[in-house]
Amino acid sequence: MFDSFGLAQGEKTAAVPQGVQTRTADGASICEFVGEVPDALVPAFSVPPLEGWQCLAGAYRISDRFSMDGEVEGTGLTAFAHGKERLLTLLVLETKTKAWRAVPVGKTALLPGRELYITYESGNNCFNITYPVSDTEQERFQCRILSLGITPATNGLLCELMEYRYVNTLENRSVAIAYDFDNPFSSAYTVTAIRDGNKVRTRYPALASNLLDYIDASAFPKTEEACEAASTERSGIPEGYAFPWLHVRIGQAEGYMSGNYVAYQAGADPNQRHIALGMAQCKTGAALKGNASIFAQTVTDLPAGTVVRVLAETGNWLQVSVPEDPADWMMRPARSADM
């Protein structure tokens, strides 16, 4: 009808839901919000590292079931904007403190310059980051919060990308790119494409981490052709991807290797806990040592309030990374040492 009158059809973008919505499902209280910060999160967002960042959207869940002291009682995801920059953070509510904390996932975990909203899906225990394209199209990154088998309250949490999905209801087509979950650091993904109601499923080597903490969402292959190209162009890790690196020793050989190829086994040294890039702040002044010994040479003195990134914990010692710029929350490390 538009064409018969020589009128152009403007593309209609789906409206992003606004405000704070709460509900309960499967023994949990759920809160989803866009353009407005729930009162419970105001203290967590009023910290110096988030100064100047605008909260775009988020969602969290709080378990109604009993939790022991020190365990995580609630988790969530929040998207922030600072000009053209985007930042995705984890939300952590600990049973003992009853206070929310925001832990950075990364500045590349969100698609730049896009409107979005975040919802919680109780059936899959996951969070959906949805980007409307039009009133008939949308892109969605489905994530879940992954614990590496250590106490979550120690920041041992990561954001695992379960699936990317593009849906076009007008043209009756979609593509879903899902990771295999036999290994927490997956090495393959399955592409399911639907065209005119016909489903085609193909499996490709992923050659990349499935953690939003370490990948660039804008560079993620979003079509079957892109997945196939990524699996055939090179035999190694694609350029631009990064992984959690582990400091390891085998006999007298010592060095670093990608955590993408490592699985922790039962019987590991209980005195050493590996913490997945957690954030910490010095309560008092502290000495930064060259190694985990009070007799080690002091690298520098850190004043109270210094923010560091925790790499590992051995006994009463923390291996930390200190940023080049104290204001740089995302921590481009200048050096690492023990404290």
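Which residue is the bridge partner of serine 174 in strand 12? I start with that pairing, and I should say at once that what we are looking at is a predicted model. The partner of serine 174 is isoleucine 194, and the two belong to a longer match in which strand 11, residues 173-179, and strand 12, residues 188-195, run antiparallel to each other over 7 bridges.

Stepping back from that pair, the sheet is an open one of 7 strands, with antiparallel pairing and the order 7-8-9-10-11-12-13. Strand 7 (117-121) and strand 13 (198-205) have a single partner strand each, so they form the edges, and one side of each has no neighbour in the sheet. On average, and with direction ignored, neighbouring strands here are turned by 20° against each other.

Let me turn to the nonpolar cores. The largest has 42 residues, and the members that touch the most others are Leu77, Leu88, Ile129, Phe141 and Leu212. Strand 10, residues 157-168, gives this core its largest share, 5 residues. Apart from this core lies another, of 15 residues, including Leu41, Cys55, Leu93 and Ala102. As for phenylalanine 141, its contacts beyond four places in sequence include Leu111, Phe127, Ile129, Tyr131, Leu161 and Phe220, and also the charged-group residues Glu163 and Lys222.

Glutamate 163 brings me to the salt bridges, of which the count is 8. Glutamate 163 pairs with arginine 140, with the closest N and O atoms 2.9 Å apart, and this links strand 10 to strand 9 (residues 137-147) across 23 residues. Glutamate 163 counts as buried because its relative accessibility is 11%, below the 20% limit, and arginine 140, at 16%, is buried as well. Through shared partners, Arg140, Glu163 and Arg165 are joined into one network.

Another bridge runs between glutamate 73 and lysine 98, again with 2.9 Å between the closest N and O atoms. Here glutamate 73 lies in strand 4 (residues 72-82), whereas lysine 98 sits in the loop between strand 5 (85-94) and strand 6 (100-106), 25 residues apart. Glutamate 73 is buried at 15%, while lysine 98 is exposed at 54%. In the bridge from glutamate 32 to arginine 23, the closest N and O atoms are 2.7 Å apart; glutamate 32 is buried at 14%, and arginine 23 is partly exposed at 35%.

Lastly, the cysteines: the count of disulfides is 0. For cysteine 126, the nearest cysteine sulfur is that of cysteine 143, 8.2 Å away, and cysteine 126 itself is buried, at 0% relative accessibility.

Conventions: Residues are numbered from 1 along each chain as its sequence is written. This is a predicted model: local features need pLDDT of at least 70, side-chain atom pairs count only at pLDDT 80 or more; totals for chains, interfaces and linings use all residues. Side-chain values use heavy atoms; hydrogens and water are left out. A disulfide is a pair of cysteine sulfur atoms within 2.5 Å. Buried means under 20% relative accessible area, exposed over 50%, partly exposed in between (1.4 Å probe, protein chains only). Two strands pair if DSSP finds at least two bridges between them. Helices (H or I, at least four residues) and strands (E, at least two) are DSSP runs, numbered from the N terminus. Axes are lines fitted to C-alpha atoms, for helices over the stretch in contact, and angles run from 0 to 180 degrees between N-to-C directions. A nonpolar core is a set of buried Ala, Val, Leu, Ile, Met, Phe, Trp, Tyr and Cys residues joined through side-chain atoms within 4.5 Å. Contact means heavy atoms within 4.5 Å. A salt bridge is a side-chain nitrogen of Lys or Arg within 4 Å of a carboxyl oxygen of Asp or Glu.
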